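Colleague: Got a minute to go through this one with me? I'd like to ask about helices, rings and charges.

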Amino acid sequence: MTTLSTHAADLDAAWKLLQARWDATGETWSDQVHDDFAAHFWQPLEQQTQAAQRSLERLAQVIAKAQRAVK
């Protein structure tokens, strides 16, 4: 059974891969459309992804604490 920590690690790995591909795209795509896309879509996605990672990590800690209390 997978844990929230595993999912958080998977999300982190997927985000790092996507970030690397976005960075590579920026090497050849550098115009106003790229900048608009980054401002309206990429940056909000980055913030949402980071918030989701933090939330998963906090939730995993709360669940682990609850499990320890039950034992």
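Modeller: Sure, let's start with the helices and then move on to side chains. Keep in mind that this is a predicted model.

Colleague: Okay, at what angle do the axes of α1 and α2 cross?

Modeller: They cross at roughly 165°, and the axes come within 9 Å. Helix α1 covers residues 4-28, while helix α2 covers residues 32-70.

Colleague: Are α1 and α2 roughly parallel or roughly antiparallel, then?

Modeller: Roughly antiparallel, because an angle over 145 degrees falls in that class.

Colleague: And is the crossing left-handed or right-handed?

Modeller: The crossing of α1 and α2 is left-handed.

Colleague: What sort of residues make up the contact of α1 with α2?

Modeller: The contact residues split into 15 nonpolar, 7 polar and 3 charged.

Colleague: Switching to rings. How many aromatic pairs are there?

Modeller: The count is 6 aromatic pairs. One of them is W15 with W42: the ring centres are 5.0 Å apart and the planes sit at 20°, so that pair is stacked.

Colleague: Why does the W15 and W42 pair tie together parts that are apart in sequence?

Modeller: Because W15 lies in helix α1 and W42 lies in helix α2, with their positions 27 residues apart in sequence.

Colleague: Buried or exposed, those two?

Modeller: W15 has a relative accessibility of 10%, so W15 counts as buried. W42 is buried too, with a relative accessible area of 8%.

Colleague: What about W22 and W42, how is that pair arranged?

Modeller: W22 and W42 are stacked, at 4.8 Å centre to centre with 15° between the planes. W22 is in helix α1 and W42 in helix α2, so this pair also ties together parts of the chain, here 20 residues apart in sequence. Both W22 and W42 are buried.

Colleague: So W42 turns up in both pairs. Which residues form the aromatic cluster?

Modeller: W15, W22, W29, F37, F41 and W42 form one cluster.

Colleague: W15 and W29 are both on that list. How many Å separate their C-alpha atoms?

Modeller: The C-alpha atoms of W15 and W29 are separated by 20 Å, with the two residues 14 apart along the chain. W15, again, is in helix α1.

Colleague: Right, charges now. How many salt bridges does a search of the whole structure find?

Modeller: It finds 1 salt bridge. The side chains of D12 and K16 meet there, at 3.1 Å from N to O.

Colleague: Where do D12 and K16 sit relative to each other?

Modeller: They are 4 residues apart in helix α1, which means about one helical turn separates them.

Colleague: And how exposed is each partner?

Modeller: D12 is at 29% relative accessibility, so D12 counts as partly exposed. K16 is at 54%, and that makes K16 exposed, the cut-off being over 50%.

Colleague: Last topic, a couple of residues in α2. Where is Q61, and is Q61 buried or exposed?

Modeller: Q61 lies in helix α2. With 57% relative accessibility, Q61 counts as exposed.

Colleague: What separation is there between the C-alpha atoms of Q61 and L4?

Modeller: That's 9.1 Å, for residues 57 apart along the chain.

Colleague: And I63, what's the story there?

Modeller: I63 is also placed in helix α2. The relative accessible area of I63 is 38%, so I63 is partly exposed.

Colleague: How far apart are the C-alpha atoms of I63 and Q53?

Modeller: They are separated by 15 Å, and the residues are 10 apart along the chain.

How values were computed: Residues are numbered from 1 along each chain as its sequence is written. This is a predicted model: local features need pLDDT of at least 70, side-chain atom pairs count only at pLDDT 80 or more; totals for chains, interfaces and linings use all residues. Side-chain values use heavy atoms; hydrogens and water are left out. Axes are lines fitted to C-alpha atoms, for helices over the stretch in contact, and angles run from 0 to 180 degrees between N-to-C directions. Helices (H or I, at least four residues) and strands (E, at least two) are DSSP runs, numbered from the N terminus. Angles under 35 degrees count as roughly parallel, over 145 as roughly antiparallel, 65 to 115 as roughly perpendicular and the rest as oblique. A crossing is left-handed if the near helix is turned anticlockwise from the far one by less than a right angle, and right-handed if clockwise. Ala, Val, Leu, Ile, Met, Phe, Trp, Tyr, Cys and Pro count as nonpolar, Asp, Glu, Lys and Arg as charged, and the others, Gly among them, as polar. Rings of Phe, Tyr and Trp (its six-membered ring) pair if their centres lie within 6.5 Å; planes under 30 degrees apart count as stacked, over 60 as edge-to-face and the rest as tilted. Buried means under 20% relative accessible area, exposed over 50%, partly exposed in between (1.4 Å probe, protein chains only). A salt bridge is a side-chain nitrogen of Lys or Arg within 4 Å of a carboxyl oxygen of Asp or Glu.
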